[in-house]
Amino acid sequence: MVDVIATQHLTIGFGATRVVHRLSFSIAAGEVVALVGESGSGKSTVALSLMGLLGRSASVEGSIHLSRKNGETCDLLTLPERRLRAIRGNDLAMIFQEPMASLDPIYRIGAQITEALAVHRPMPQAALRTEALRLLRSVAIANPEACLSAYPHQLSGGQRQRVMIAIALSCQPRLLIADEPTTALDATIQAQIIDQLRQLRAETGMAVLFITHDLGLVREIADRVLVMYAGRIVESGPTEAVFGAPRMPYTAGLMRSRPRLFAETPVRIEPIPGNVPNPAHLPPGCAFHPRCAHSQPGRCDSGTPEPEACAPGHQVCCLRWREIVA
Amino acid sequence: MTRRACGLVLILAVTFAALFAPLLTAYAPTQTGVFFLAPPDAAHWFGTDDLGRDVLSRVLHGGRASLVIGVGAAFVACVIGVPAGLLAGYCGGRVDLWATQVMNLCIALPGLVLALLITAVTGPSVLNIVLILGFVSWPRVARLVRGQAFLIREALFVEAARAAGADAVWIVPMHILPNVAGVIAAQFALTVAYAIFTSSSLSFLGLGIPPPSPDWGGMVRTGLDYLSINPAMGLAPSAAVGITVLGFYLLGSGTRG
Amino acid sequence: MLAILARRLVWAIPGGIVITALLFASLAGLIGSPAALMLGRDATAQSIAELNARLGFDRPIATQYLDWMGHALRGDLGRSYVTHQSVVEAVLPRLPVTLEIGLLALVLATIAAIVLNSLTGARALIRPLATLLAVIGITLPNFVLGLGLIYLLCVTLEWLPSVGWSAWSNGVPDHATHILLPVLTLSAYYYGSLTLVFRAEYDAVARRLFIRAVKAKGLSDQQVSWRHTMPNALLPVITTIGLSMGQLVGGAVVTESLFSIPGIGSLLVDSILSRDYPVVLAIGMIVVFSVVIANAAADALYAAANPQVRIR
């Protein structure tokens, strides 16, 4: 399968502080990849860098190759801003964590849905309206006509996130970046939105980069998982493999710290001790070693682990993964 | 910080010139001469006016009245505005609601026109102008102090003082006033700028301190008629007003930021 | 929009009556007696009392106010003490002149403040320029700025005719060259204060999350600014436009006086200097009413432009 997007050694810094280190990953067409990690691990920074929305204060190195709808492949980091704009909202679309704050309060929903279309694919007003209605139906908004002429403050949080998804889908992007799209929503609404995304993926065949800290969601929606810690991918692989046999102690810790409502036997929640380190003062060696139960003095605190394949398609960054398995 | 420094330099320069005006020029500001409307030369740097008086000397001496009026008016405005603002901000509720309405109304009214009307009745002495401009500018001071007092009232340390049994008589002078002092200082400088701005406009319109005392606005008015003969007659006092207002404005706006 | 404006104006009427009554009372109170204003500071107490009695100023303030209002509503603002001309006839022909200059300055200042601060290209160049202009506008009194412009453009460069007024009837070019400097002068202060308020709002809106979401759609920076940041920042500024109306009136008085323009501002100054109480009172009332109406209009505009208020 063709990779829609592939990053090589993506490194992002703000001033002297590096928050993302040599990140390399790829997403194939139609694939749902989850980027998982605690808050502060650099997930959202990665998402914004793919969109080219980090702002001037950020320095981004490495490469981000995108294969566009028109067949060409380009490195987003070397494109001029003008060509980047033709890609944003068109080949790449993003939905955000805060649906309540992500719509412009002074425009009607209809105008906001058709805005990206009008920029990337100019068409007559009537056609734009038809398209907006179709999009609202595709995200299962109850009363699409009424919604078109509504203002954002008249919609609920769940409805607003559906509108955001409709906006993101308007130009049929190759890749949808969903940055914690359900975190701010109620649990029932959350399930509906996830269902909707899964269904839309099946219908459109777009790839999805799903950013979350919620492992339950990952298992439901993702084909593949990237686990991020302190700006690095520490474990990656097919969802079943990573969940079935986590190799990196951090991933295993994340799993144990997750509340399981429907477990057969009561399971203790074991939070990982400590906090995500400040990117300005990363511990030497493996960044996770101060919080790791398996860390070995003289080894984990000096050598930086490189990704190693522990099974086909399953990579891990841990100096001791073989010993821990054994 | 640089803004503030620029403002201070301008203010110091103007104050210095006004204070030592007799030492800086060879002529008294009211001393008439035989050369009328002479263009600038080595003897009279800004030339002479329609009565043969040295323009430079009049500009330098004119700074005294302007500075006194500006600082005096700002002082009056603070004496009225600070307590009013503190009261409204600290009491909150109905008192605040009414006080805010009154302040907004006063700010919406044209201060210059108000000052014109009052000056026409009371007569344009320095003291009158100070009182009038202070009266016209207090609502701005009060509104700002109110906003700050309102914020600080809700702050945790005031909450803590209140929980410890302190009442308004203690809290307002001990906790709120010191915290709004910076804002008041900044607003003081801005009010000086506004007062000099307005008082010079008043005297330009013919309601300044009475002649023959030198007075920037009035000098510009006369200078306007002789703009093609001795431009410095109008331009020099204009520049003096501009520099002085700019200095206080920079000081005030720089202190706030 | 019109319905809202009508409703606000209906609400503004009692407010206007209260304010004019206050103005009437405070004018009378401040002045003590109109006769004192008319006779000057050297008048004796007796002559003041006599004149007050003759003109009916010894009656209670409320009676005088109702009397004045009653006449005013019938189109009678009294007669000038100086020219003995009817006040309406003195004021009415001057009103359009002031309105024209005031409105042009208002429009110019508003557009300049909004456009200069919403441009995204060459921002490193335009922003400092916009700030410089704003500081000039705020710190230079109208007569200083006007004098500088006259000296530069009329005396030195001789690009424009000198001060004075030329009516529309003298032809558009002549009218335009005479109105240019007054409008520029008058707009400066307004531009400055508007710039400070608008820019603070603009920068606050630019930091909001939906701006990032709009950028993600692929809009250019300038499109984001025109369509989203600027309109959202404009909303709270509308109220400011109404509130600083008073400043504009003060500026108009000085500007008209400087350029010898026959508007109501210069008439007000002349009447104050010649102690022409009926004219002063009439213009004062007109000014207060326009400030009240302008504020009501700004409120209505705000309500009409803000969907969160409109729907309720």
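Good morning. I begin with one side chain: Arg134(A) counts as partly exposed, at 38% relative accessibility. Before I turn to its partner, please note that the model under discussion is predicted.

Arg134(A) meets Glu131(A) in a salt bridge, with an N to O distance of 2.7 Å. Both residues belong to helix α4 of chain A, which covers residues 125–138. They stand 3 residues apart there, about one turn of the helix. Is Glu131(A) buried or exposed? Glu131(A) is buried, its relative accessible area being 16%. This pair therefore joins a buried Glu131(A) to a partly exposed Arg134(A).

A second salt bridge in chain A links Arg68(A) and Glu72(A), whose closest N and O atoms are 3.3 Å apart. Here Arg68(A) is the buried partner, with a relative accessible area of 11%. Glu72(A), by contrast, is partly exposed at 29%. In the first pair the glutamate, Glu131(A), is buried, whereas in this pair the arginine, Arg68(A), is buried.

The third pair in chain A consists of Arg137(A) and Glu145(A), whose side chains form a salt bridge at 3.9 Å, N to O. Because the cut-off for a salt bridge is 4 Å, the pair at 3.9 Å is counted. Arg137(A) is partly exposed, with 49% relative accessibility. Since exposed requires over 50%, Arg137(A) at 49% stays in the partly exposed class. Glu145(A) is likewise partly exposed, its relative accessible area being 40%. Beyond single pairs, Arg68(A), Glu72(A), Arg83(A) and Asp91(A) are joined into one network by salt bridges that share partners. Over all chains, the structure holds 18 salt bridges.

I now move to the arrangement of the chains. Which chains share the most contacts? There are 2 pairs of chains in contact, and of these chains B and C share the most. Chain A and chain B are not joined by any contact, and their closest C-alpha atoms lie 23 Å apart.

Let me next consider chain C on its own. Its domain assignment gives domain 1, made of residues 2–94 and 263–294, and domain 2, made of residues 95–262. Taken over C-alpha atoms, the centres of domain 1 and domain 2 of chain C are separated by 32 Å. The contact between them involves 14 residues of domain 1 of chain C and 13 residues of domain 2 of chain C.

The size of an interface is often given as the accessible area lost when the parts come together. For domain 1 and domain 2 of chain C, that area is about 1000 Å², 70% of it on carbon and sulfur atoms. On the domain 1 side, Arg94(C), Gly263(C) and Ala294(C) lose the most area to domain 2 of chain C, together 34% of what that side buries.

How many salt bridges does the rule find across the interface of domain 1 and domain 2 of chain C? The rule finds 0. Across this interface it does find 10 residue pairs in polar contact, with both residues at pLDDT 80 or more. On the side of domain 1 of chain C that touches domain 2, the elements giving two or more residues are α13 (264–273) and α14 (277–305) of chain C. Of the elements, α13(C) gives the most to that side, with 5 residues. By class, that side of domain 1 of chain C has 10 nonpolar, 3 polar and 1 charged residues.

Thank you for your attention.

Definitions and conventions:
Residues are numbered from 1 along each chain as its sequence is written. Chains are lettered from A and ligands numbered from 1 in the order in which they are written. Side-chain values use heavy atoms; hydrogens and water are left out. Contact means heavy atoms within 4.5 Å. Domain bounds come from an automatic or database domain assignment. Buried area is the accessible area (1.4 Å probe) that two parts lose on being put together, summed over both. A polar contact is a pair of N or O atoms within 3.5 Å; within protein, one must be able to donate a hydrogen and the other to accept it, and residues adjacent in sequence count only if both atoms are side-chain atoms. Helices (H or I, at least four residues) and strands (E, at least two) are DSSP runs, numbered from the N terminus. Ala, Val, Leu, Ile, Met, Phe, Trp, Tyr, Cys and Pro count as nonpolar, Asp, Glu, Lys and Arg as charged, and the others, Gly among them, as polar. Buried means under 20% relative accessible area, exposed over 50%, partly exposed in between (1.4 Å probe, protein chains only).
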